[in-house]
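Please walk me through this structure in order, from its secondary structure elements to its surface. Give the criteria behind each term along the way.

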Amino acid sequence: MQFCTFLMLQRKYDLWNILTEKLHRSPKPGLYYRYIRSILHEERKKLKQLYEDVLEDQKAEFINGEVIVHSPVRIEHNVTGKFLLELPDMHVRLNRLGFAGYENDDGFPDPQ
């Protein structure tokens with residue numbers, strides 16, 4: 001594990017400990033629980049609505065509780081993306097460096 005990653009994880013762990021300690025000492029844990037539960041409930045409803053409303057050919061994302069629907073890819077964008085993949089692929093193949101590929105992320109979280 002890289003040292004920077006370790007420090008980030010350590011900070012998250014320290015922050016988690018501070019937060020849980022404050023929650024434990026608070027006189028209002030039930031109130032916090034209901035508030036967080038209502039936020040998660042609303043987010044689940046929005047995500048369900050996203051799956052119901054977005055068509056298969058649409059590209060949409062669920063980011064921080066908001067649905068972001070993207071415009072369809074135009075031909076210029078498609079040609080540029082293809083060129084940007086072909087250029088390094090040609091270099092890799094000509095110099096026998098291995099494999100050049102791409103990751104296609106559709107923006108949707110994996111279904112449960």
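The protein contains three helices and two strands, and from the N terminus on these elements run α-α-β-β-α. Helices and strands are DSSP runs numbered from the N terminus, with helices being H or I of at least four residues and strands E of at least two. The model is a predicted one, in which local features need pLDDT of at least 70 and side-chain atom pairs count only at pLDDT 80 or more, while totals for chains, interfaces and linings use all residues. Residues are numbered from 1 along each chain as its sequence is written, and side-chain values use heavy atoms, with hydrogens and water left out.

Some totals describe the chain as a whole. Of the 112 residues in the protein, 9% are buried; buried means under 20% relative accessible area, exposed means over 50%, and partly exposed lies in between, with a 1.4 Å probe and protein chains only. The accessible surface comes to about 10,800 Å², and 59% of that surface belongs to carbon and sulfur atoms. Accessible areas come from the Shrake-Rupley method with a 1.4 Å probe, and for residues only the protein chains shown count as cover. Among contacts between residues at least 6 apart in sequence, 28% join residues at least 24 apart, where a contact means heavy atoms within 4.5 Å.

The two strands form a hairpin. Strand β1 (residues 59-63) pairs with strand β2 (residues 66-70) in the antiparallel sense over five bridges; two strands pair if DSSP finds at least two bridges between them. Lys-59 has His-70 in β2 as its bridge partner, and Phe-62 stands opposite Val-67 in β2. Two residues lie between the strands of this hairpin, in which Asn-64 takes a positive phi near 50°. The side chains alternate along β1: Ala-60 and Phe-62 are buried and point to one face, whereas Lys-59, Glu-61 and Ile-63 point to the other face and are not buried.

Helix α3 can be checked against its expected length, which is 1.5 Å times one less than its number of residues. For the 20 residues of α3 this gives 28 Å, and the end C-alpha atoms are 28 Å apart, so the two agree. Within α3, Glu-86 forms a salt bridge with Lys-82, the closest N and O atoms being 3.9 Å apart. A salt bridge is a side-chain nitrogen of Lys or Arg within 4 Å of a carboxyl oxygen of Asp or Glu. Glu-86 and Lys-82 are four residues apart in the helix, about one turn, and Glu-86 is partly exposed because its relative accessible area is 40%. In the segment after α3 (75-94) comes Arg-96. Arg-96 has a positive phi of about 50° although it is not a glycine, and Arg-96 counts as exposed because its relative accessibility is 77%.

How many salt bridges are there by this rule? The count comes to five, and the other two helices supply further examples, one in α1 and one in α2. Arg-25 forms a salt bridge with Glu-21, with the closest N and O atoms 2.4 Å apart. Because Arg-25 and Glu-21 are four residues apart in helix α1, about one helical turn separates them. Arg-25 counts as exposed at 66% relative accessibility, while Glu-21 counts as partly exposed at 35%. Lys-45 and Glu-42 also form a salt bridge, with the closest N and O atoms 3.3 Å apart. Lys-45 and Glu-42 are three residues apart in helix α2, so about one helical turn lies between them. Lys-45 is partly exposed with a relative accessible area of 44%, and Glu-42 is partly exposed with 39%.

The surface also carries a nonpolar patch of about 890 Å², made by Trp-16, Leu-19, Leu-23, Leu-31, Tyr-32, Tyr-35, Ile-36, Ile-39 and Leu-40. The elements giving two or more residues to the patch are α1 (3-25) and α2 (29-53), and α2 gives the most, with six residues. Patches are made of residues with over 30% relative accessible area and no salt bridge, with like charges joined within 9 Å and nonpolar side chains (Val, Leu, Ile, Met, Phe, Trp, Tyr) within 5 Å. Leu-40 of the patch lies in helix α2, and Leu-40 counts as partly exposed because its relative accessibility is 43%.
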